[in-house]
Amino acid sequence: MFECALCGVPVKKRREHVRPRWLLDRYKNDGPFTFYRGGEPIPYRSGVTERPQLSRVMAPACDQYNEGGRDCNGWLDTNFEKPAKEPVRALLDSKPVSGIAAEAVARWAVKTLLLEQHSQAHEAELPHLERDAWLNLDNMLFGMRATGQLPPELSLWCTVTSQEDLGPDTPDEVVLLPRLGVAGQATAVFQYSAIGYGMIDGRQLALQLLHHPYVEVEHPFEAANLATRLWPKPPTTLDPAKMPTLNIQGTRRWNRTFCMEGAITDLDSIRMPQSALHRRLVSSRITLREPEPRGLAA
């Protein structure tokens with residue numbers, strides 16, 4: 001027995017395809033696909049490390065037949081999967097998307113990366129794999145289901161990568177993410193997830209999602225005009241054909257942009273960016289979030 005990832009009611013099975021069927025069908029027999037952890041390939045159920053198609057990730061979500069449930073499976077389909085299906089396909093075909101289509105892609109990518117980090121998510125072809133679940137993710141997902149809004153304090157970036165030797169100069173910078181000590185509250189922890197999807201032209205659309213409580217984080221690749229922030233403010237138009245393509249070295253640097261090994265740092269120290277303590281413990285890319293103006297809704 002499991003609990004629905006979005007409302008908590010008991011469910012018997014993991015019914016939600018975190019990677020939807022229409023995406024899995026796109027990559028059918030399009031491998032080899034290899035899952036890595038710590039630089040080492042992880043064997044699939046069969047014992048081999050390569051598989052001809054993208055593996056399924058399942059998460060528990062109630063449906064219309066669950067007593068006490070809210071049909072969270074149907075809600076995900078209506079609010080995320082269906083609006084994003086054609087725009088995501090277009091992007092992977094290296095075609096531009098604009099307006100509400102770009103927002104639908106961003107919302108879908110955030111939802112997908114969040115559910116992949118759920119403690120009860122299951123990689124069907126890697127049954128013994130221990131997943132790196134995000135802390136307090138239930139609170140984020142329950143709030144998302146209750147309000148219809150994505151959890152706050154999230155940023156999503158995308159870029160286009162390749163295994164080519166030629167490409168633009170890229171930042172060789174690691175953003176050290178601290179754990180924040182906040183007076184009277186539990187330590188606030190940054191959390192990070194990433195994924196990439198192959199495009200029709202052989203390149204890859206790479207996504208990075210960061211949960212950054214209390215602070216704002218500037219992505220070095222965004223600052224260098226080599227990545228686009230998709231959330232919380234989706235671009236007017238997203239056109240993979242016009243985005244810079246990272247070469248193999250740039251791709252490696254992109255993949256190591258964020259380091260989760262930062263020390264516990266008092267939140268007040270971020271208010272003093274010139275201090276020696278800040279320079280030693282906190283990246284200059286991290287700044288304190290400006291408070292919302294009084295009288296205005298957050």
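This passage describes the packing of two helices, two small sheets and several individual residues in a predicted model.

Residues are numbered from 1 along each chain as its sequence is written, and side-chain values rest on heavy atoms, with hydrogens and water left out. Because the model is predicted, local features were required to have pLDDT of at least 70 and side-chain atom pairs were counted only at pLDDT 80 or more, whereas totals for chains, interfaces and linings use all residues. Helices (H or I, at least four residues) and strands (E, at least two) are DSSP runs, numbered from the N terminus.

The axes of helix H3 (residues 100-116) and helix H4 (residues 137-147) come within 11 Å and cross at roughly 145 degrees; these axes are lines fitted to C-alpha atoms, for helices over the stretch in contact, and the angles run from 0 to 180 degrees between N-to-C directions. The crossing of H3 and H4 is left-handed, a term used where the near helix is turned anticlockwise from the far one by less than a right angle, with right-handed used if it is turned clockwise. On the H3 side the contact (heavy atoms within 4.5 Å) is made by Lys111, Leu114 and Leu115, and on the H4 side by Leu137, Met140, Leu141 and Met144. Sorted by class, the contact has six nonpolar residues, no polar residues and one charged residue, where Ala, Val, Leu, Ile, Met, Phe, Trp, Tyr, Cys and Pro count as nonpolar, Asp, Glu, Lys and Arg as charged, and the others, Gly among them, as polar.

The buried residues of H4 are Leu137, Met140, Leu141, Met144 and Arg145. They lie on the same side of H4 because they cover an arc of only 130 degrees around the axis, the arc being that of the directions from the helix axis to the C-beta atoms. In general, an α-helix has 3.6 residues a turn, so residues three or four places apart point the same way. Burial is taken here as under 20% relative accessible area and exposure as over 50%, with partly exposed in between (1.4 Å probe, protein chains only). On the other side of H4, Asn139, Ala146 and Thr147 are exposed. The packing partners of the buried H4 residues are helix H2 (72-92), H3, strand S13 (191-198) and strand S14 (204-211). H4 is followed by Gly148, which has a positive phi near 80 degrees.

Gly148 is also among the contacts of Arg107, a residue of helix H3. Arg107 counts as buried, since its relative accessibility is 15%. When neighbours within four places in sequence are left aside, Arg107 is in contact with Asn79, Phe80, Gly148, Leu150 and Trp231. Of these partners, Phe80 is 27 residues from Arg107 in sequence, with a C-alpha to C-alpha distance of 6.7 Å. Trp231 precedes a cis peptide bond to Pro232, with omega near 15 degrees, and Pro232 is found in the loop between strand S16 (228-231) and strand S17 (237-238).

Two residues other than glycine also have backbone angles of note. Most residues other than glycine have a negative phi, and most peptide bonds are trans. Glu153, in the loop between H4 and strand S9 (154-161), has a positive phi near 65 degrees and counts as partly exposed at 29% relative accessibility. Tyr214, in the loop between S14 and S15, has a positive phi of about 75 degrees and is partly exposed, with a relative accessible area of 27%.

His219 is located in the loop between strand S15 (215-217) and helix H5 (220-223), and is buried, with a relative accessible area of 0%. Neighbours within four places in sequence aside, His219 is in contact with Trp157, Gln208, Trp254, Thr257 and Phe258.

Two open sheets were also examined, with strands taken to pair if DSSP finds at least two bridges between them. One sheet of three strands has the order S12-S11-S20 and mixed pairing; its edge strands are S12 (188-189) and S20 (264-266), each pairing on one side only. Strand S11 (residues 179-181) runs antiparallel to S12 and is joined to S12 by two bridges, with Val189 of S12 as the bridge partner of Arg179. An open sheet of three strands in the order S3-S6-S8 has antiparallel pairing, and its edge strands are S3 (16-17) and S8 (122-123). Strand S6 (residues 57-59) pairs with S8 over two bridges, and the partner of Met58 in S8 is His122.
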